[in-house]
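Q: Hey, I've just opened this one and don't know my way around yet. Can you walk me through it?

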Amino acid sequence: MDGILFHVSSKLLILLLSISYFTQEISCLYEDQAGKVDWKISFIGKVKYADFGNNKLLVATEENVIAALNTKTGDLLWRQVMENEAEQQIQFFNVNKDVTTVSGDQTVVSYWSINNKELIHVIPIEGSHIEITSFYLETGEIKGIPKKINTPWLKDAFKCASSKQYFACVQKNGEIEQIRYINLIAENSEVLSKPIEFSETGEAEILSFEHEIPSVLLVKNNVAKIVHFKNDVEILAKTFLPNVVNVKNDVGNQLYQLEINVNNPEKLLKVKGQDKDGNNQVSVDVEYPKGLGAPYILAGQCRTNNCDLLLSSIDHALLFVRIPEGKILWTREEALSDIVAVEFFELPVSELDASIENEFKTSSQDILSMFINRILTQSKQLTKVFIGSQLMMNSMLVRDDFGLHKIIVVVTRIGKIFAIDTLSGQTVWSYRLPHVVPFDNRNGGDVMLFVQRTARYSPFPAQCTLLAKDDTTGNTVMFQFDPITGLSSRGVVKLDRKVKQAMLLPYEDKNHLKPFITIYEDHSVKVHPEESTVIVKKHVSSIYLYMVDEDAINGYSLQLIDDRLQTFRHWNFLFRGSKLAGISTRPSGERVHSQGRVLPDRSVYYKYVNPNMIAVATISEDPVNKQVLSIYLIDGITGMVIYALAHKRARGPVNLVHSENWLVYTFFNERYRRRELAALELYEGHVQSNSTFFSSYAMSQLPQVQAQSYILPAVPLKVTVTLTERGITNKCLLVALNTGAVVEIPWALIQPRFADIPCGPEESCYPYMPEIPLHPEATINYNQTLSKVKGISVAPARLESTSHILVHGLDMFYTRVAPSKTFDVLKEDFDYKLIILVLIGLIAASYVSKTLASRKAIKQAWK
Amino acid sequence: MVSIYENLTFLAVVVQLFLFQYVRSSLLDHDGALTIKIEHSLNFNKGIPILTERGNISVQSTRIGQTLVNQKHLTPTESQLLNDLAESNQFYQIRAFVNEEGNERNKFISTLKACMIAESELDDRLSISLDYTGRVVAISDIIASKSSCEGASMSLEKLKYFTSTVYVRHTEMGPVPDTASYIQRLEREKEAKEKGEGKDNRSFLAKYWMYIVPVVIIMVISSGSNAENTGASN
């Protein structure tokens, strides 16, 4: 550590100071601990283009990733993540000796090495019309002068396709549809056309098609015909399905397409191969997994008699099929590269523990029946101890003592739900919801995932509800399932309206099920399950909610009108032309352990812990200051603005983290061109207004706000805070950076300091440093780079010291963090043998000395 | 019409300088005046509030928060209605219509427990929150109290005159990283080191008492036991 050299002496001082502080806080990893509790799964996203080359499978995806996969196992050989998929989407992908890609509106031709992800050349191309530039791919030099082609006939660029040197479009001249094409590299190229002869009705479309002879596919009403460009254009007579793929084998070209197998319910998919005239037909039945969506062929490769086909399903799974066996060699679930909701679930207790619990639950007071019950359950327990329960042993999904083994339920953007084991990272179950997509409103995120009952209440199963949007109607769909097994008794329930807002209530019914309410556009309220309406009516005066609209945040309460539940607008907050940049509430399960902060003079400064507080960030366009970031702390019940502050010349993206009595946010300071992190902390003062309960209505004094700001020498993508069972453990911020690291920043390092109170080691306070030191040792994912992080989810373990962390994005990374170190468990390398040996030795020594002493006493007595 | 205006009681002219801790009123680039018309609802028809006029507030300068409050007193029937709301633990709602310069008219809603306003004998506080340019973003009616209530009944005499206090609350300037004082501190520390001020000037005993005391104790104990031993052998 002392070997690090810096040219600026002040920087050196900052660093040494911070290192000396950090070494007490951060527990980094030893090499042999890597991968012990954490796991990482890498994804590539929805595959757009695929090709075989050099015994590898090369793919380009919608996430702007180029990757090579092992054809035997489907493992990732290398992956190159390119930035900015919105503007630089890959448009062309070709595998020859190496990989060529063309991407973006401002077109860039890139040439990649096939064996490693090395970028050999990048050639930028400018111009908005058709222009032909030839390059030597190996060197990147331009060959000859660019050639321009006049394209006044190009009206609809979407109905065009290119194939090798040919560029073809479909055009409609009145009733006659014709295909217009051009040979781009011919000396005197001119546009030729041919009318389309198609018996089908509807609009013709053109798709690109891989073949030795330059060709395209003409599709009309789900029937495809192959068009060859030779000297003349030739439309083949034989019709195919639009997902037809040409695979070259030793004999010639074989065309493969997928069909539904009506006759065999076991093997739902049929791969049909034939040549271009419909001869040499082969048909292979494939045992297609039932949970996956409809497939289509992406690429294929043949060697002697074996053919490999790469399929993709509409729910973004990749399958590798070998024919003629019809066996699926491997599957990759690429849906997991875009997760929209995450929830951690406790596992149910083992059958043995459950039976012990049930032993004391019997309500019968009769001595005899109680005795019989006890004997019965205990004999059952005995047999279980000796024989072991087969069912539970197989799945091993049993709660452990420390709550370290959990199930993570993730909902993906494509509408597929996965349950993942925290110990192994393996998918326990998955469920596809067809036509289910995230909401597009501002309330409560992309989808809503409510935990109605955890697995704590045996024999009742855990229950979880997902609310999302139906893709076809736009209405809301509801899916209720058991997060441990994935079983759903009712399946996908389609509601007849759009849900505007929904909320899980903290009250339990007699089956320990928490009801939730859904609110509709017409202010009507519905309770799920309906039997719990009684409970909601009982607590109607204490249910409040808020909704974010285009220009305002509105607060509502519930009221009973003619025995019907309705919302009642309580307060409003107007944006006044600003745009919402972020909204944050405290984590629902969070507990605040200490009510105040002890000052060096032994007085207590009480925290202002308002469970109803909403933190809102808005960005306003300003003629003088460009953009202004405003932060408002609003009470969610009264709508009162507790505190407001503004940063001039500040720009998003804004990350808001709200926990206990503090708020942390990050933004971009345009004046100094740097990322900043600011922390606000709210205190009631030296007197606590009401120590027993908190009411938003009773506002005796405004909280005192401490604020401090820091320079963050990195680009944060997502920020969150650790969460532990009882809130005793120190808090740590987790910041995902664009470099692929997730760093842990102790809250104590950024907690605002009091201006008039000394700060030093004696007060257990870190002196203020304007720049937050980010140390490599503080990276929780050590050398595992995480690309395009979209979220970090945190859940407490039953061990107070530990939190579960799931970072998702293009990679999924799970680990456990202990911000105050694992003070409540013995170290891994704790020497049990030594302590047992010492104990045995001591006992033996005490017996030996006892006999020796007695012998001595006898001898003394004889003297 | 005339009689109503005569009944308007000029209750309070509240001139208030804003009390916030670190207020720099110069933060507001713009200064403006606001006129706020306040309506309140003392009874509800199927959950829809029936609004009646409560009064007007004019903020002459949003920068220094100078306000003029002009509110009607409640008629006996209105007092009764408010008391009924308080007794049945219902909500009391105000709607504020804000006219800003530039003729923009915005509506703000604030709701509080009727029993709390009754218990406070109509002594409420109106918080007008402004954004960084001085536009109103929220208006809240609050009661300064240490606890909430679940229904209360008051004598109607006490529910007659509003004694409202108006707070104009600005958006503060966000904190900026304080690099200057940090560099100063580092330089001070460096200087102090160079001068040798950091040396420990305490006496030898003050520095090492924690090592000396155990040694002394051990010596005392061992000498004591030696003395015993010698005594016993004698």
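Q: Which strand of chain A is joined to β9(B), and how many bridges are there?
A: That's strand β48 of chain A, residues 641–648, and 2 bridges join it to β9(B). Keep in mind that this is a predicted model.

Q: Do those strands run parallel or antiparallel?
A: Parallel.

Q: Which residue stands opposite B:M173 there?
A: A:A646 does; B:M173 itself sits in β9(B).

Q: OK, zooming out. How many residues of each chain are in contact?
A: On the chain B side it's 54 residues, and they are in contact with 57 residues of chain A.

Q: And what area do they bury between them?
A: About 4600 Å² for chain B and chain A, with 58% of it on carbon and sulfur atoms.

Q: Which residues of chain B lose the most area to chain A?
A: B:Y132, B:P175 and B:Y182. Together those three make up 15% of what the chain B side buries.

Q: What about charges? How many salt bridges cross the interface?
A: The rule finds 1 between chain B and chain A. A:R576 forms a salt bridge with B:E100, and their closest N and O atoms are 2.8 Å apart.

Q: How many residue pairs are in polar contact across the interface?
A: 18 pairs, counting those where both residues are at pLDDT 80 or more.

Q: Which elements of chain B give two or more residues to the side touching chain A?
A: You've got the strands β4 (91–100), β5 (104–113), β6 (125–130), β7 (136–142) and β9 (172–173), plus the helix α4 (179–195), in chain B.

Q: Which of them gives the largest share?
A: β5(B), with 9 residues on the side that touches chain A.

Q: What's that side of chain B like by class?
A: There are 23 nonpolar, 17 polar and 14 charged residues on the side touching chain A.

Q: Switching topic: what order do the strands take in the sheet with β38 of chain A?
A: The order is β37-β38-β39 in chain A, so to speak a row of 3 strands forming an open sheet with antiparallel pairing.

Q: Which strands are at the edges?
A: β37 (499–504) and β39 (525–528) of chain A, each pairing on one side only. From one strand to the next, the twist averages 20°.

Q: How many bridges hold β37(A) and β38(A) as a pair?
A: 5, in the antiparallel sense, with β38 of chain A covering residues 516–520. Across that pair, A:Q501 stands opposite A:I519 in β38(A).

Conventions: Residues numbered from 1 in each chain as written. Chains lettered and ligands numbered in written order. Predicted model: local features only at pLDDT ≥ 70, side-chain atom pairs only at ≥ 80, totals over all residues. Heavy atoms only, no water. Contact = heavy atoms within 4.5 Å. Buried area = accessible area lost by both parts, 1.4 Å probe. Salt bridge = Lys/Arg side-chain N within 4 Å of Asp/Glu carboxyl O. Polar contact = N/O pair within 3.5 Å; in protein donor to acceptor, adjacent residues only side chain to side chain. Helix = DSSP H or I, 4+ residues; strand = E, 2+ residues; numbered from the N terminus. Nonpolar A, V, L, I, M, F, W, Y, C, P; charged D, E, K, R; others polar. Pairing = 2+ DSSP bridges. Axes fitted to C-alpha atoms, helices over the stretch in contact; angles between N-to-C directions.
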